[in-house]
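Let's take a walk through a protein together, one step at a time. Have a look at the sequence and the structure first, and then read on.

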Amino acid sequence: NISTASDTKDVQYKMKQNDRHESLGQAPENVEYLAPSCEDCSSKKVYKSPVVPNMNIFDIEVTGVGDGGIIYGMPVSSRDQFTMLTGASFKVLPFLKPYCYRKNEGCVVKGSDALWYRGRILEVIGGSVMVHYVDGGYTETIPQCHVYPELMYPEIPELCLPFQLYGVTPVGNKWQEDAIDTLRELLVQRILEVEIMVPSENC
């Protein structure tokens, strides 16, 4: 199992593709919801952890698959909220003072489409920052000049939920690049139906 922290709480899910879309020709998959780590949250600028819909069955749109096999999905019910966030106006200073970015710190990113996106800093690489988009579920390395160390709508939890395939262990305990590519091809931008099964022992 993939864990983001020693005290991570996992919920096991059964994921099956919605009937509105063409079947992948496979049996429904079991997946596990991964609660994100919140180490030292009190002293960092962070967004609230994503909230699992309060229902047994709900639809998600798969927005990305990470290199570690983690599947990211946004509840379909959150689409309007996502549109509101990306289209929001965000006033920033014309110049930023030198800033020491901190891992897992929340930020705002100005995209190449001139829209604003909420993110979380993963790593600083020279003059660039690796950012995980907390509402879109994908990761990108971009110049620091596009990353602002501020929070946008901090009262709104992250919209994207992280999952992993439950009971599936990759060969050698590491996801190979071709397997990740296949998952992305099969799942990204698809609507999947998620059914909450049995909470794990840690819940």
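A good place to begin is with pLDDT, which is the predictor's confidence in each residue, on a scale from 0 to 100. You need this score here, since what you see is a predicted model. Averaged over the protein chain, the pLDDT is 75, and 70% of the residues score at least 70. Two stretches deserve caution. Over residues 1-42 the pLDDT is below 50, although this stretch has 111 contacts in the model beyond near neighbours in sequence. Over residues 198-203 the pLDDT is also below 50, and here the contacts beyond near neighbours number 9. Where pLDDT is low, the predicted coordinates should not be read in detail.

Now for the overall plan. The protein chain contains 2 helices and 11 strands. If you follow the chain from the N terminus, the elements come in the order β-β-β-β-α-β-β-β-β-β-β-α-β. The chain has 203 residues, of which 41% count as buried. Its exposed surface comes to about 11600 Å², with carbon and sulfur atoms supplying 50% of that area. How do parts of the chain that are far apart in sequence come into the picture? Among the contacts with a separation of 6 or more, 67% are between residues 24 or more positions apart.

Let's step inside. The largest nonpolar core has 14 residues, and those that touch the most other members are Ile60, Val62, Ile71, Leu183 and Leu187. Two or more residues of this core come from each of strand 3 (57-65), strand 10, helix 2 (177-187) and strand 11 (191-199). Strand 3 gives the most, with 4 residues. To see what one core member meets, try Val62. Leaving aside neighbours within four places in sequence, Val62 is in contact with several residues, among them Ile71, Tyr72, Leu187 and Leu192. There is also a second, separate core of 10 residues, including Ile121, Val131, Tyr133 and Val147.

Not every buried residue is nonpolar, as Arg118 in strand 6 (residues 116-125) lets you explore. Is Arg118 buried or exposed? Arg118 has a relative accessible area of 2%, under the 20% cut-off, so this residue counts as buried. What does the side chain of Arg118 reach there? One partner is the backbone oxygen of Ile156, at 2.8 Å. Another is the side chain of Asp135, joined to that of Arg118 by a polar contact of 2.8 Å.

Next, visit two loops. In the loop between helix 1 (79-86) and strand 5 (106-110) you will find Asn104. Asn104 is not a glycine, yet this residue has a positive phi of about 70 degrees. With a relative accessible area of 27%, Asn104 is partly exposed. Tyr153 sits in the loop between strand 9 (147-148) and strand 10 (161-165). Tyr153 has a positive phi too, of about 50 degrees, although it is not a glycine. Its relative accessible area of 32% makes Tyr153 partly exposed.

Finally, consider the cysteines. A disulfide is a covalent bond between the sulfur atoms of two cysteines. How many disulfides does the model have? The count comes to 0 disulfides. Cys107 is buried, at 0% relative accessibility, and Cys160 is buried as well, with a relative accessible area of 3%.

Key. Residues are numbered from 1 along each chain as its sequence is written. This is a predicted model: local features need pLDDT of at least 70, side-chain atom pairs count only at pLDDT 80 or more; totals for chains, interfaces and linings use all residues. Side-chain values use heavy atoms; hydrogens and water are left out. A disulfide is a pair of cysteine sulfur atoms within 2.5 Å. Buried means under 20% relative accessible area, exposed over 50%, partly exposed in between (1.4 Å probe, protein chains only). Contact means heavy atoms within 4.5 Å. Accessible areas come from the Shrake-Rupley method with a 1.4 Å probe; for residues, only the protein chains shown count as cover. A nonpolar core is a set of buried Ala, Val, Leu, Ile, Met, Phe, Trp, Tyr and Cys residues joined through side-chain atoms within 4.5 Å. A polar contact is a pair of N or O atoms within 3.5 Å; within protein, one must be able to donate a hydrogen and the other to accept it, and residues adjacent in sequence count only if both atoms are side-chain atoms.
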